[in-house]
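I opened this notebook to keep track of what I looked up in a single model, going from the overall fold to a few chosen residues. The entries follow the order in which I made them.

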Amino acid sequence: MARLVKHTATGPVKVDPSDKPVFVCACGLSKRFPFCDGTHKACKDEPEGQTFQYDEQGQRREAPKA
């Protein structure tokens, strides 16, 4: 079953273990989830107060109002 999950972050979460930093996806768009692959750059300019959906090609559209 598909479901809409709201992510409010527009960048990764840095986890800093002892040897090297690891970035965990917080936007939900990464193709390497749970790790960040830089895809969050597509959502950096999302206006506040709106909800968006992204298709498989990374194209953004406003989500229908619930």
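The entries below concern a predicted model.

**Overall fold.** I began with the secondary structure and found zero helices and four strands, so that, read along the sequence, the pattern is β-β-β-β. I then took the extent along the principal axes, where the C-alpha atoms fill a box of roughly 45 × 30 × 20 Å. Of the 66 residues, 18% count as buried, and among the contacts between residues at least 6 apart in sequence, 15% join residues at least 24 apart.

**The loop between strand 2 and strand 3.** I next turned to the loop that runs between strand 2 (22–24) and strand 3 (52–54), where P34 is found. The peptide bond that joins F33 and P34 is cis, with omega at about 15°. H40 has its place in the loop between strand 2 and strand 3 as well, and I asked whether H40 is buried or exposed. Its relative accessible area is 11%, and because buried means under 20%, H40 counts as buried. Leaving aside residues up to four places away in sequence, I listed T10, G11, P12 and C27 as the residues that H40 touches.

**Cavity.** How many cavities of 30 Å³ or more does a search of the whole structure find? The search returned one, and I noted a volume of about 40 Å³ for the largest cavity. H40 appears again in its lining, together with G11, P12, C25, A26, C27, S30, C36, D37, G38 and T39. Sorting the lining residues by character, I obtained five nonpolar, five polar and one charged.

**Strand 3 and the aromatic residues.** I then moved to Y54, which lies in strand 3. With a relative accessibility of 21%, Y54 counts as partly exposed, because the buried class is reserved for values under 20%. Again leaving out residues up to four places away in sequence, Y54 touches L29, A42, C43, E46, Q59 and R60. I also checked Y54 against P12, which is 42 residues apart from Y54 along the chain, and found their C-alpha atoms separated by 17 Å.

A search of the whole structure for aromatic pairs gave zero. I did record a charge placed over a ring: the charged end of R60 sits over the ring of F52, 5.0 Å from the ring centre. R60 thus enters these notes twice, once as a contact of Y54 and once over F52.

Notes. Residues are numbered from 1 along each chain as its sequence is written. This is a predicted model: local features need pLDDT of at least 70, side-chain atom pairs count only at pLDDT 80 or more; totals for chains, interfaces and linings use all residues. Side-chain values use heavy atoms; hydrogens and water are left out. Helices (H or I, at least four residues) and strands (E, at least two) are DSSP runs, numbered from the N terminus. Buried means under 20% relative accessible area, exposed over 50%, partly exposed in between (1.4 Å probe, protein chains only). Contact means heavy atoms within 4.5 Å. On a 1 Å grid over the protein atoms alone, a cavity is a set of points where a 1.4 Å probe fits but cannot get out, and a pocket is an open set with protein on both sides within 12 Å along at least five of seven lines; lining residues have an atom within 4 Å of a point. Grid points are joined across faces, edges and corners, and a volume is the space filled by probe spheres set on the points. Ala, Val, Leu, Ile, Met, Phe, Trp, Tyr, Cys and Pro count as nonpolar, Asp, Glu, Lys and Arg as charged, and the others, Gly among them, as polar. Rings of Phe, Tyr and Trp (its six-membered ring) pair if their centres lie within 6.5 Å; planes under 30 degrees apart count as stacked, over 60 as edge-to-face and the rest as tilted. A charge sits over a ring if NZ of Lys or CZ of Arg is within 6 Å of the ring centre and within 35 degrees of the ring normal.
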